[in-house]
Amino acid sequence: MAKLSGTYVPSTSAWVREQVELYEGTEGREGSTLRDTGIPVVIVTMRGVKSGSVRKIALMRVEYDGEYALVASKGGAPDNPDWYYNLVKHPDEVTLQDGPAPFFVRVRLVDGAEYDSWWQRSVAVFPQYETYKQKTPRRIPIFVATRTHQ
């Protein structure tokens, strides 16, 4: 099973912490949707940019052809989520869990036509992203996660 080494520091947000624990504890059989929306999520594990600790979040499951979009929307806030900086700094120290077991991925920011394609796929999964886009002056970053063979 793919696992990042280091000290795990759970999210300060109770619902994120509980969702991650439920998802991982049941190998994705439970906790696999965003609260009561029925929209699927994945668990992303990464290295913290400041602490070097292991961090985990639940993100919308936007999968296409074996790759995943990680949308740094932060609900349309004017700034990027903290995890955005973790991925920028440590793009090769990331696992993604979509089902029973996590696997290593490499993440990269996308732009241009590739960004547009992933944005449309993301909105198809979670239409609220369009609302978030209207709320913020920043361009919402999208990482694409590609499985590696570690």
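# Exercises on a predicted model

From the N terminus on, the elements of this protein follow the order α-β-β-β-β-α-β-β-α-α-β. The model is predicted.

## Exercise 1: Overall build

Task: State how many helices and strands the protein has, then judge how compact the chain is.

Solution.
- Step 1. The protein contains 4 helices and 7 strands.
- Step 2. Its radius of gyration is 14 Å, and the globule rule gives 15 Å for 150 residues.
- Step 3. These two values are close, so the protein is as compact as a globular protein of that length.
- Step 4. The C-alpha trace spans about 35 × 35 × 30 Å along the principal axes.

## Exercise 2: Burial, contacts and surface

Task: Find what share of the residues is buried, what share of the contacts joins residues at least 24 apart, and what share of the surface belongs to carbon and sulfur atoms.

Solution.
- Step 1. Of the 150 residues, 47% are buried.
- Step 2. Take the contacts between residues at least 6 apart in sequence; 62% of them join residues at least 24 apart.
- Step 3. The accessible surface is about 7,900 Å², and carbon and sulfur atoms account for 50% of that area.

## Exercise 3: Charges

Task: Give the number of positive and negative side chains, and say how far apart the centres of the two sets lie.

Solution.
- Step 1. There are 19 positive side chains and 18 negative ones.
- Step 2. The centre of the positive set and the centre of the negative set lie 5 Å apart.

## Exercise 4: Strands β5, β6 and β7

Task: Describe how strand β6 pairs with β5 and with β7, naming a residue pair for each.

Solution.
- Step 1. Strand β5 covers residues 94–97 and strand β6 covers residues 102–109. The two run antiparallel and are joined by 4 bridges.
- Step 2. Opposite Q97 stands P102 in β6.
- Step 3. The hairpin of β5 and β6 has 4 residues between the strands, and in this hairpin G99 takes a positive phi near 120°.
- Step 4. β6 also pairs with strand β7, residues 142–147, in the antiparallel sense, over 5 bridges.
- Step 5. For this second pairing, L109 has F143 in β7 as its bridge partner.

## Exercise 5: Residue Q19

Task: Locate Q19, decide whether Q19 is buried or exposed, and list its contacts beyond four places in sequence.

Solution.
- Step 1. Q19 lies in helix α1, which covers residues 14–25.
- Step 2. The relative accessible area of Q19 is 8%. Buried means under 20%, so Q19 is buried.
- Step 3. With neighbours within four places in sequence left aside, Q19 is in contact with G31, S32, T33, L34, R35, V41 and A58.

Note on methods
Residues are numbered from 1 along each chain as its sequence is written. This is a predicted model: local features need pLDDT of at least 70, side-chain atom pairs count only at pLDDT 80 or more; totals for chains, interfaces and linings use all residues. Side-chain values use heavy atoms; hydrogens and water are left out. The radius of gyration is taken over C-alpha atoms; the globule rule is 2.2 Å times the number of residues to the power 0.38. Buried means under 20% relative accessible area, exposed over 50%, partly exposed in between (1.4 Å probe, protein chains only). Contact means heavy atoms within 4.5 Å. Accessible areas come from the Shrake-Rupley method with a 1.4 Å probe; for residues, only the protein chains shown count as cover. Lys and Arg count as positive and Asp and Glu as negative; His and the chain ends are not counted. The place of a charge is taken as NZ of Lys, CZ of Arg, CG of Asp or CD of Glu. Two strands pair if DSSP finds at least two bridges between them.
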